Amino acid sequence: MNAEKQHKYYQSLLRNIVLSILITAITPTVVVSIFILDAFRVSYEGKVYDHLEVLTRKHKRSIDIFLDEKLMDIRLLAKTNRFEELSDATILNQKFNELQRAFDRSFVDLGVVDHEGRQIAYAGPFELSNVNYAGAEWFEQAINKTFFISDVFKGLRGAPHFIVSVRQERNGDPWILRATIDFGEFNNLVEFLRIGETGFAFILNAAGEFQTNPIADVNADELMVFFKELGLAKQSHLVTQKRTPHGSEVIYALAPLRGGDWIMVIQQDAADAFSDFKKTQRIVLIFIVLASLGIIIASLIVSKRLVNRISQADKEKEKAIENKEMLSQQVIETGKLASVGELAAGIAHEINNPVAIMIEEAGWIQDLLEDEEFGGSENLEEFTRALNQIQTQGRRCKEITHKLLSFARKTDSRIVEIPIAEMLNEIAYLSSQRAKYSNINIQTRFEEDLPPIPASETEMQQVMLNLVNNALDAMEKSGGNITLGAERNGDDILLTVVDDGPGIASANLARVFDPFYTTKPVGKGTGLGLSICYGIIKKIGGDIHVRSKKGEGATFEIRIPVPRASASSEAETDGEPAPQVSVDPGIQRDEA
Amino acid sequence: MTKTENVPAAPVRVLLIDDELGYVNVLSNRLSKRGFIVGKASSGSEAFQALRQQDFDVALLDLKMVDMDGLEVLKVLKKMAPEMVVIMLTGHGSAEAAHEGIRLGAYDYLTKPCELKGLIEKIRDAYRQKLEG
């Protein structure tokens with residue numbers, strides 16, 4: 001349950017970290033990329049528009065020049081020759097040939113038309129002498145203007161062409177010199193203009209009729225409406241963009257020709273014009289996607305690691321806190337024990353003197369009783385018994401204070417020779433009070449003449465007391481027997497603490513010596529006792545084991561190596577030692 | 001115990017030094033009754049004073065006294081009467097001080113409270129030691 005909660009906590013932590021990283025890392029990437037892309041788009045668009053505009057201007061100029069040139073030629077011809085000369089077909093033919101030679105057949109034909117529309121003279125490939133142009137649209141305009149350039153039309157010859165004319169006067173009547181300009185050459189000027197893949201040019205007149213051949217389908221009427229809306233007349237040049245009915249964007253660059261009679265249009269698909277930009281845009285998008293992907297993966301990995309680190313640190317911290325709590329508990333207990341010990345030692349010291357005096361005073365009375373003649377006294381026997389009792393109880397007090405003092409003695413880890421029997425009896429005695437309350441009988445059972453074991457007295461005492469206390473804890477309710485044993489086993493001494501309590505479950509058996517492992521209720525055990533015992537025994541080169549089954553009591557075995565010299569010398573003097581039983585001398589003596 | 005068994009040939013002079021007067025008094029009574037000549041001192045300075053008036057064979061010195069550290073008293077005693085044998089009385093567990101005392105020239109030590117029988121034996125041992133030099 002708790003683990004699941006923790007898992008959920010770390011999951012949400014992971015989510016939050018990933019989200020924060022993504023927001024802080026991806027947002028600027030995307031924003032900056034979009035900003036740069038937009039700036040690039042604006043500048044690129046400007047460039048494309050500028051380019052188209054420049055192109056339009058250039059071509060407008062070359063068309064203007066072309067038309068002006070043709071007009072100039074005609075005007076020159078009209079100015080330098082009289083009507084009489086030009087109306088002579090032979091001379092006109094001569095002039096026409098000169099023009100053609102000079103201008104690469106731009107001129108298709110030449111004609112002189114009088115004010116009534118009659119073509120008086122004609123030079124050219126068609127049979128157009130004496131043709132009457134009265135009523136023709138171009139003638140109506142041409143006769144009223146000093147010079148004139150017509151729209152492209154098919155006219156009488158059935159092929160597209162246009163007319164350049166100059167008006168002159170003779171005897172008050174106007175006449176015009178007209179030339180037909182080869183449509184093909186004019187058309188080439190525009191038609192061969194190509195921009196990118198889809199860009200091309202064409203010319204429209206004011207009515208929306210094509211003056212050149214557009215290379216692709218163009219809906220001229222629709223365009224004219226659009227251009228009129230734009231108010232082209234007011235501006236000399238214009239670059240604009242329009243969505244076609246097919247859904248694609250088209251860029252139009254417009255320039256007026258012939259003072260607004262014609263419009264030169266350069267059109268290009270936006271997709272084509274911006275193809276480089278689109279390419280760049282794609283690259284940038286791919287970059288953003290890849291970068292975002294990278295950021296997402298990196299953030300996932302980094303966050304995962306981070307959260308793992310955090311959870312590990314948390315676990316360590318928890319463990320550390322746990323350990324610290326246990327340790328501090330241990331320290332507090334040790335401290336408590338020490339201060340209780342000091343108190344006890346102080347009291348014991350103070351009690352020693354009065355007890356000594358009491359014993360001696362009783363002895364003194366005994367001395368006196370022996371001296372004087374109290375034979376007749378009936379109560380002499382009773383006096384003696386009472387004095388003996390005082391001395392006995394005094395000695396008991398003395399013993400108690402001695403035990404208290406030895407308990408409170410400072411920890412001394414010097415290795416000394418510890419007499420085993422004495423030590424076991426002392427342990428049994430120290431534990432006897434508690435045992436009595438729990439209805440537990442503590443016995444000692446050891447071979448005679450065991451060699452002393454080399455160990456620290458306080459530490460050995462600590463180990464044995466710990467084992468006995470554990471047994472007492474286990475049997476607190478049930479009562480039973482605890483036997484402290486010692487025997488020779490090869491070169492070693494085997495100390496045993498055997499109880500017939502509830503035993504240790506096999507699952508816990510392997511862990512009883514682990515630090516901080518305890519089955520006691522919270523606050524009762526630190527889980528350190530046995531691990532300290534283990535450490536102490538290992539330090540002196542010994543070994544500690546436990547044998548137990550649930551319900552069959554527990555046996556702790558401590559094996560302590562005894563140096564061969566002392567062990568063997570004792571053994572030799574003794575021969576084969578017979579096990580002997582000494583039944584709890586400490587307790588029974590006191591209760592007697 | 002009987003009183004005859006503890007009487008030495010020549011009376012042994014014992015100086016009891018202990019700030020616990022009740023203990024000094026009762027011990028003095030019991031030892032006197034057993035033929036010892038007993039001097040009493042409840043402090044180091046009283047002990048020095050007694051020594052100036054009279055010689056003693058054996059001194060029983062409590063190591064834990066109020067006015068002066070028992071070991072300091074021991075040093076002075078050994079200077080004033082080098083041939084006098086000193087037995088120390090210590091509390092339980094203060095064996096270190098007792099060992100230090102022996103290093104300073106004390107004969108032996110007893111843990112307090114001690115049985116009179118053991119005390120008398122120790123005094124006689126000490127006296128023999130003194131006679132033997």
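Is Trp138(A) buried or exposed? At 6% relative accessibility, Trp138(A) is buried. The model discussed here is predicted.

## Aromatic pairs

Over all chains, the whole structure holds 16 aromatic pairs. Trp138(A) and Phe139(A) make up one of them, with an edge-to-face arrangement. The ring centres lie 6.1 Å apart and the planes make an angle of 85°. That angle is over 60 degrees, so the pair counts as edge-to-face. Phe139(A) is buried as well, at 4% relative accessibility.

Phe513(A) and Tyr534(A) form another aromatic pair, and this one is tilted. Here the centre-to-centre distance is 5.5 Å, with 40° between the planes. The pair joins distant parts of the chain, 21 residues apart. Phe513(A) sits in the loop between helix 12 (506–509) and helix 13 (529–539) of chain A, while Tyr534(A) belongs to helix 13 itself. Phe513(A) has a relative accessibility of 16%. Buried means under 20%, so Phe513(A) qualifies. Tyr534(A), at 33%, is partly exposed.

Rings also gather in a cluster. Its members, linked by ring pairs, are Phe40(A), Tyr44(A), Phe274(A) and Phe277(A).

## Interface between chains A and B

The size of an interface is often given as the accessible area lost when the parts come together. Between chain A and chain B, about 2000 Å² is buried. Carbon and sulfur atoms account for 52% of that area. Three residues, Asn353(A), Glu360(A) and Trp364(A), provide 30% of what chain A buries against chain B. No other three residues supply more. In residue terms, chain A brings 22 to the contact and chain B brings 19.

Polar links cross the interface too. There are 4 salt bridges between chain A and chain B. One of these pairs the side chains of Arg30(B) and Asp367(A), with 2.9 Å from N to O. At pLDDT 80 or more for both partners, 6 residue pairs are in polar contact between the chains.

Which elements of chain A give two or more residues to the side that touches chain B? They are helix 8 (275–371) and helix 9 (380–408). Helix 8 of chain A has the largest share, with 15 residues. By class, this side of chain A has 7 nonpolar, 7 polar and 8 charged residues.

## Thr555(A) in strand 17

Thr555(A) is part of strand 17 of chain A, which covers residues 554–561. The relative accessible area of Thr555(A) is 15%. The residue counts as buried because that value is under 20%.

What does Thr555(A) touch, leaving aside its neighbours within four places in sequence? The contacts are Val497(A), Val498(A), His545(A), Val546(A) and Arg547(A).

## Glu46(B) in helix 2

On chain B, Glu46(B) lies in helix 2, residues 44–53. Glu46(B) is partly exposed, at 36% relative accessible area. Once neighbours within four places in sequence are set aside, Glu46(B) is in contact with Lys40(B) and Ala41(B).

How many residues separate Glu46(B) and Ile17(B) in sequence? The separation is 29 residues, and the C-alpha atoms of Glu46(B) and Ile17(B) are 8.4 Å apart in space.

Notes
Residues numbered from 1 in each chain as written. Chains lettered and ligands numbered in written order. Predicted model: local features only at pLDDT ≥ 70, side-chain atom pairs only at ≥ 80, totals over all residues. Heavy atoms only, no water. Contact = heavy atoms within 4.5 Å. Buried area = accessible area lost by both parts, 1.4 Å probe. Polar contact = N/O pair within 3.5 Å; in protein donor to acceptor, adjacent residues only side chain to side chain. Helix = DSSP H or I, 4+ residues; strand = E, 2+ residues; numbered from the N terminus. Nonpolar A, V, L, I, M, F, W, Y, C, P; charged D, E, K, R; others polar. Phe/Tyr/Trp six-rings, centres within 6.5 Å; stacked < 30°, edge-to-face > 60°. Buried < 20%, exposed > 50% of the residue type's maximum accessible area, 1.4 Å probe, protein only.
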